Amino acid sequence: MNELDLIRLWQKSRQQIIIAQLAPTFLLITTAGLVEQIKTAGQVTAWAVIGILLASGILGALAEFTAANEAQAVAKDIAQLKTKSALANLIVTTAPWMHVVKYLTPAIFIGIFVALFIALVR
């Protein structure tokens, strides 16, 4: 692959990461704002919301993790090119930050999920 193809793959992975964050983030924010109404609706509703949050979070984390892995692989391929543009060099130097997407972002989701879980079942 040439540099342009690899840069396009990098951008595609970044876009997938952003899209994968939208639904879980929206659901967490919405749930946080509706805790009292969800609790008022009853335990069955609360457990349904917990299940939705968990499923969305797991799927989102998996999508983010795989897209970040792919982005890091693309960066390795870019690093092996003999000549690189400034953008390609920047991609290679920023690729390690994909570890944030792979590990820190899911950890934050887990913390927020636990807090909402406690708020909904108390």
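Leaving aside neighbours within four places in sequence, which residues is I78 in contact with? Select I78 and you will find L6, I7, K84, A88, I91 and V92 in contact with it, where contact means heavy atoms within 4.5 Å.

Before going further, a word on the model. This is a predicted model, in which local features need pLDDT of at least 70 and side-chain atom pairs count only at pLDDT 80 or more, while totals for chains, interfaces and linings use all residues. Residues are numbered from 1 along each chain as its sequence is written, and side-chain values use heavy atoms, with hydrogens and water left out.

**Stop 1: the largest core**

Keep I78 selected and add W10, I17, I91 and M98. In the largest nonpolar core, which has 16 residues, these five touch the most other members. A nonpolar core here is a set of buried Ala, Val, Leu, Ile, Met, Phe, Trp, Tyr and Cys residues joined through side-chain atoms within 4.5 Å. Buried means under 20% relative accessible area, exposed over 50%, and partly exposed in between, with a 1.4 Å probe and protein chains only.

Now colour by helix: α1, α3, α4 (86-94) and α5 (98-121) each give two or more residues to this core. Helix α3 provides the largest share, six residues. Helices are DSSP runs (H or I, at least four residues; strands are E, at least two), numbered from the N terminus.

**Stop 2: the other core and its rings**

Apart from that core lies another, of 11 residues, among them I50, F109, F113 and L116. Select F109 and F113 first: both are buried, and they sit four residues apart in helix α5, about one turn of the helix.

A search of the whole structure finds four aromatic pairs. Rings of Phe, Tyr and Trp (its six-membered ring) pair if their centres lie within 6.5 Å; planes under 30 degrees apart count as stacked, over 60 as edge-to-face and the rest as tilted. The F109 and F113 rings are stacked, because their centres are 6.0 Å apart and their planes at 25°. For F113 and F117 the centres are 6.3 Å apart and the planes at 35°, so that pair is tilted.

F113 and F117 are also four residues apart in α5, about one turn of the helix. Is F117 buried or partly exposed? At 27% relative accessibility F117 counts as partly exposed, whereas F113, at 12%, counts as buried. Add W47 to see the cluster that ring pairs make of W47, F109, F113 and F117.

**Stop 3: L120 and T31**

Follow α5 to L120, which counts as buried at 5% relative accessibility. L120 touches T31, V35, I38, K39, A46, V49 and I50, not counting residues up to four places away in sequence. For a long-range check, draw a C-alpha to C-alpha distance from L120 to G42: 9.7 Å in space, with their positions 78 residues apart in sequence.

Next pick T31, in helix α1 (residues 3-33). T31 counts as buried, at 6% relative accessibility. A polar atom of its side chain lies 2.7 Å from the backbone oxygen of L27. Beyond four places in sequence, the contacts of T31 are I38, V49, L53, L116 and L120.

**Stop 4: a buried glutamate**

Finish at E64, in helix α3 (residues 43-79). How far away is the nearest side chain of opposite charge? That side chain is K102, 12 Å away, and E64 is buried yet has no salt bridge. A salt bridge needs a side-chain nitrogen of Lys or Arg within 4 Å of a carboxyl oxygen of Asp or Glu. For charge, Lys and Arg count as positive and Asp and Glu as negative; His and the chain ends are not counted. Show I17, A20, Q21, V101 and T105 to see what E64 is in contact with, leaving aside neighbours within four places in sequence.

Terms used. A polar contact is a pair of N or O atoms within 3.5 Å; within protein, one must be able to donate a hydrogen and the other to accept it, and residues adjacent in sequence count only if both atoms are side-chain atoms.
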